[in-house]
Amino acid sequence: VPPRDGSGQPTVWAEGDSHAGHLHTMLLELHKATGAGFHVIEAHARAFPGPYEKEYAPREKIHRAIVERLEPGDILLIARNYMTTRPFLRPFDDIDEWIERVDALAETLYVRGVATVVVGPLPRFGFEDRRQCLASQLACREPRQDHAAIILPIQAKLEALQAGNKGIHLFDLFSALCPPGDDYCEVRIAGDFIYRDAHHLNTVG
């Protein structure tokens with residue numbers, strides 16, 4: 001979706017795994033409100049940027065095309081799944097190496113006037129089927145402190161990345177969805193589901 005004519009707004013180029021894909025509705029609403037353009041590239045279960053020697057070839061081809069089209073003022077939005085449930089809920093082992101790749105990419109884009117926005121982790125709930133949450137508004141809510149124990153160490157690494165790179169801006173999704181003053185993280189807000197499964201937002205979210 002290109003920027004609306006006369007809006008003077010940039011294009012947001014979103015790349016990542018399914019956690020980039022579930023931001024599509026947010027970007028569409030941004031376009032409606034401001035006229036900003038957006039383009040979403042999602043590769044299931046493949047964090048972006050990937051290991052250089054193992055990068056997913058079809059996505060790498062698309063990324064190179066995006067780089068050629070970037071204009072000063074544009075934004076590269078990077079989102080990924082940070083946690084695995086194997087054998088229990090924990091951060092993926094590759095996060096430190098991935099941060100290094102994001103840092104290097106953002107440096108090359110900054111000199112071109114392109115900002116990089118990194119989306120932080122969101123709560124990953126323990127239910128297996130969203131229908132388990134239909135019993136009441138309180139069903140499937142989970143203590144914020146339990147999520148914070150996993151998310152905040154990841155968030156600290158991303159904050160350090162932001163502090164050391166002028167081209168990087170952190171989007172704190174955890175605080176947006178589960179504010180620090182709340183005791184619980186919710187699957188539903190005002191009766192409406194904001195998740196489509198345990199760790200993806202729906203169109204309401």
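Start by selecting helix H5, residues 144-163. In this predicted model, H5 bends by about 40° at Ile151. Look within four residues after the bend and you will find a proline, Pro153.

Keep H5 selected and colour its buried residues: Arg144, His147, Ala148, Ile150, Ile151, Ile154, Gln155, Leu158 and Leu161.

Now pick out Leu158. Which residues does Leu158 touch, leaving aside its neighbours within four places in sequence? Its contacts are Tyr82, Trp98, Ile99, Val118, Gly120, Pro121 and Leu170.

Next, show the largest nonpolar core, which has 53 residues. Leu158 is among those with the most contacts inside this core, together with Leu77, Tyr82, Trp98, Val187 and Tyr195. Elements giving two or more residues to the core include strands S1 (11-16), S2 (37-42) and S3 (75-79), as well as helices H4 (95-110) and H5. The largest share, seven residues, comes from H4. In soluble globular proteins, nonpolar side chains tend to be buried together.

Move on to H4 itself. Select its two end C-alpha atoms; they are 22 Å apart. At 1.5 Å a residue, the 16 residues of H4 should span 22 Å, so the model agrees with the expected value.

Which residues of H4 are buried? They are Ile95, Trp98, Ile99, Arg101, Val102, Leu105, Ala106 and Leu109. Look down the axis of H4: these residues cover an arc of only 160°, which means that they lie on the same side of the helix. To see what covers them, display elements including helix H3 (57-69), S3, strand S5 (90-91), S6, H5 and S8.

Select S8 next, residues 168-171. Its side chains alternate along the strand. Ile168 and Leu170 point to one face and are buried, while His169 and Phe171 point to the other face and are not buried. Leu170 has already appeared on this tour, as a contact of Leu158.

Add strand S6, residues 115-119. S6 and S8 run parallel and are joined by four bridges. To find a facing pair, select Val119 and then Phe171 in S8, which stands opposite.

The last stop is Thr11, in strand S1. Is Thr11 buried or exposed? Its relative accessible area is 10%, and because the cut-off for buried is under 20%, Thr11 counts as buried. Leaving aside neighbours within four places in sequence, Thr11 is in contact with Pro3, Gly37, Phe38, Asp74 and Ile75.

Note on methods
Residues are numbered from 1 along each chain as its sequence is written. This is a predicted model: local features need pLDDT of at least 70, side-chain atom pairs count only at pLDDT 80 or more; totals for chains, interfaces and linings use all residues. Side-chain values use heavy atoms; hydrogens and water are left out. A nonpolar core is a set of buried Ala, Val, Leu, Ile, Met, Phe, Trp, Tyr and Cys residues joined through side-chain atoms within 4.5 Å. Buried means under 20% relative accessible area, exposed over 50%, partly exposed in between (1.4 Å probe, protein chains only). Contact means heavy atoms within 4.5 Å. Two strands pair if DSSP finds at least two bridges between them. The expected span of a helix is 1.5 Å times one less than its number of residues. The arc is that of the directions from the helix axis to the C-beta atoms. The bend at a residue is the angle between axes fitted to the seven residues ending there and the seven starting there.
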